[in-house]
Amino acid sequence: MKIKKVLLILIVVLGMAALTACATNETAAPVSESNHVEGSSQNEKKDEPEQPRKDVSIRYAVWDANQARGLQIMADEFEAAHPGIKINIEVVGWSDYWTMLEAGATGGSLPDVFWMHSNEIYRYASNGMLMNLNDQIASSAEVDLSKFPEGIVQIYNHQGNQYGVPKDFDTIGLWYNKTLFDEAGLTYPDETWTWQELYDAAKVLTKDGVYGFLSPLHNQEGYYNFVYQNGGSIITEDKKSGYDDPKTIEALEFYVKFVRDGLSPEIYGDAERAEALQNGLVAMGLFGSWNLSGFTSNEFMTQHFDVAVLPQQAQQASIYNGLSHAIAHNTEHPEEAWTFVEYLGSKAGQERHAELGIAISAYEGTSDLWISSNKTYNVKAFVDMVSYGVIRPYSNTTIVWEDRAYEALKPAFTGALSVEEAARNAAEAMNETLAGE
């Protein structure tokens, strides 16, 4: 009996021990697994060295070296406010710029951000080379397109999609040599000047190897202004050429008269135009507001020149245009590229753009800052002409018909053809191009 009792007690004790062990295993195992996972994760994080953040480099292409100086300051300030984004400004001259962009579009290596012009927007937007900015603009608290001139905004809108944020606007001014005016006893040009007064002054100033007025074969900084001052047109509302309009022909005849009468040198290239003014070859010339930085840094210009509004005929007119910032459709850094463009198009960015005198900022209310940025010249003249500015003529194929018109008009400047015949040839060539649109 005693043996049986002892065995019974032993069995009960062993059974309880087993149950206790089972209970311990069932509850302890999950805790042990959990601790193992957490411990391993923490150890792995401690063992991994922190990876330094790499800068994202944004290629920013422009064509004006004079503006690039101020833009570099803006880029430096942007980088300081946005660690991790590096802005690399690439300056390529006007002609080579479009060759570079075309090669980039074909080869898939467009700059991330770049300037866009009214001449080229259709080609790049219609071929899917630009980022559609509708969503970015809609969600942005910084970019408000209603604060920019509607005409410039619309230039960079294709089929309801916005492909550019306006950068600036420009008008064309009459630059004149004050020293030569003083020596000739002439009154400086002002808003009352007419074509006749311009011609008369040019005649007086043409002497001693100096031409009175620069009348080159150039559209925006040349005869376009005279055409619209005379009530003519380059392109009509129904997309026809205006070169055969009698008012256009009359304006061209007056403009070419400076060359044919020996009051202007025969000049056809862009570089030669600026050199003629800066080396004292001409006493007056038409140049856009975007030249301000370059002219301000030129000692001869600052000593002798100033700028006034353009003369008038049937009406006042100055060709008016504006650039925009575009983003490549295939940029590898869309977020960073937009952050930069958003800053450039913001009120703060546009104010800084104006303060630095880069160009006339397109944002509403910033023109006074641009005017105050330059004490050397009467730059207010450029802003005064905005009220009667005429948007630079453009269509889907501007670059094509402008080139064809240039070639058609050249014989009129050389004297090989009459202005009327050359103008009608330009109209025919332009209408052929427009018909293909």
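What share of the contacts between residues at least 6 apart in sequence join residues at least 24 apart? In this protein chain the share is 75%. Keep that in mind while you click around, and remember that you're looking at a predicted model.

**Stop 1: the whole chain**

Start with everything shown as cartoon. The chain has 437 residues, and 48% of them count as buried. Its secondary structure comes to 19 helices and 14 strands. Switch on a surface if you like: the accessible area is about 20,600 Å², with 51% of it belonging to carbon and sulfur atoms.

**Stop 2: strands S1, S3 and S12**

Select residues 56–62, which is strand S1, together with 113–116, which is strand S3. The two run parallel and are joined by 2 bridges. Put sticks on Tyr-60 and you'll find Val-113 of S3 standing opposite.

Now add residues 324–327, strand S12. S3 pairs with S12 too, but in the antiparallel sense, over 4 bridges. For a marker on this pairing, show Met-116, with Ser-324 of S12 opposite. As background, strands in a sheet pair through backbone hydrogen bonds, in either the parallel or the antiparallel sense.

**Stop 3: the S9-S8-S10 sheet**

Next, hide that group and bring up three other strands. They form an open, antiparallel sheet in the order S9-S8-S10. Strand S9 (284–288) and strand S10 (305–308) are the edges: each has a single partner strand, so one side of each has no neighbour in the sheet. Look along the sheet and you should see some twist, as neighbouring strands are turned by 35 degrees against each other on average, ignoring direction.

Zoom in on S8, residues 172–177, which is joined to S9 by 5 antiparallel bridges. A handy pair to label is Tyr-176 and Met-284, the latter in S9, which stand opposite one another. Then add residues 219–229: this is helix H9, packing on the sheet and touching both S8 and S9. The direction of H9 makes about 105 degrees with that of S9.

**Stop 4: Leu-277 and its surroundings**

Select Leu-277 in helix H11, residues 270–278. Is Leu-277 buried or exposed? With a relative accessibility of 0%, Leu-277 counts as buried.

Expand the selection to what Leu-277 touches, leaving out residues up to four places away in sequence, and you pick up Trp-175, Val-282, Met-284, Gly-285, Phe-287, Phe-295, Phe-300, Met-301 and Phe-305. If you want a distance on screen, try Leu-277 to Met-301: they are 24 residues apart along the chain, with 8.1 Å between their C-alpha atoms.

**Stop 5: the nonpolar core**

In soluble globular proteins, nonpolar side chains tend to be buried together. Here the largest nonpolar core has 130 residues. Those with the most contacts inside the core are Tyr-60, Trp-175, Tyr-223, Tyr-243 and Met-284, so show these five as spheres. Then colour residues 246–260, helix H10, which gives the most to this core, with 8 residues.

**Stop 6: salt bridges**

Side chains of opposite charge can pair when their charged atoms come close. Searching the whole structure turns up 17 salt bridges. Here are some to visit.

- **Lys-147 and Glu-364.** These side chains form a salt bridge at 3.8 Å, N to O. Lys-147 sits in the loop between helix H5 (134–139) and helix H6 (150–155), and Glu-364 in the loop between strand S13 (360–361) and helix H16 (367–372), so the pair ties together parts 217 residues apart in sequence. Lys-147 is partly exposed at 29% relative accessibility, while Glu-364 counts as exposed at 51%.
- **Lys-167 and Asp-168.** This salt bridge comes in at 2.6 Å, N to O. Both Lys-167 and Asp-168 are buried.
- **Arg-352 and Glu-355.** Their closest N and O atoms are 3.4 Å apart. The two residues are 3 apart in helix H15 (residues 347–355), which means about one helical turn separates them. Arg-352 is partly exposed, at 23% relative accessible area, and Glu-355 is also partly exposed, at 40%. Finish by adding Glu-77 to the view: salt bridges with shared partners join Glu-77, Arg-352 and Glu-355 into one network.

How values were computed. Residues numbered from 1 in each chain as written. Predicted model: local features only at pLDDT ≥ 70, side-chain atom pairs only at ≥ 80, totals over all residues. Heavy atoms only, no water. Pairing = 2+ DSSP bridges. Axes fitted to C-alpha atoms, helices over the stretch in contact; angles between N-to-C directions. Contact = heavy atoms within 4.5 Å. Salt bridge = Lys/Arg side-chain N within 4 Å of Asp/Glu carboxyl O. Buried < 20%, exposed > 50% of the residue type's maximum accessible area, 1.4 Å probe, protein only. Areas by Shrake-Rupley, 256 points an atom, 1.4 Å probe, with all protein chains shown as cover. Core = buried A, V, L, I, M, F, W, Y, C linked by side-chain atoms within 4.5 Å.
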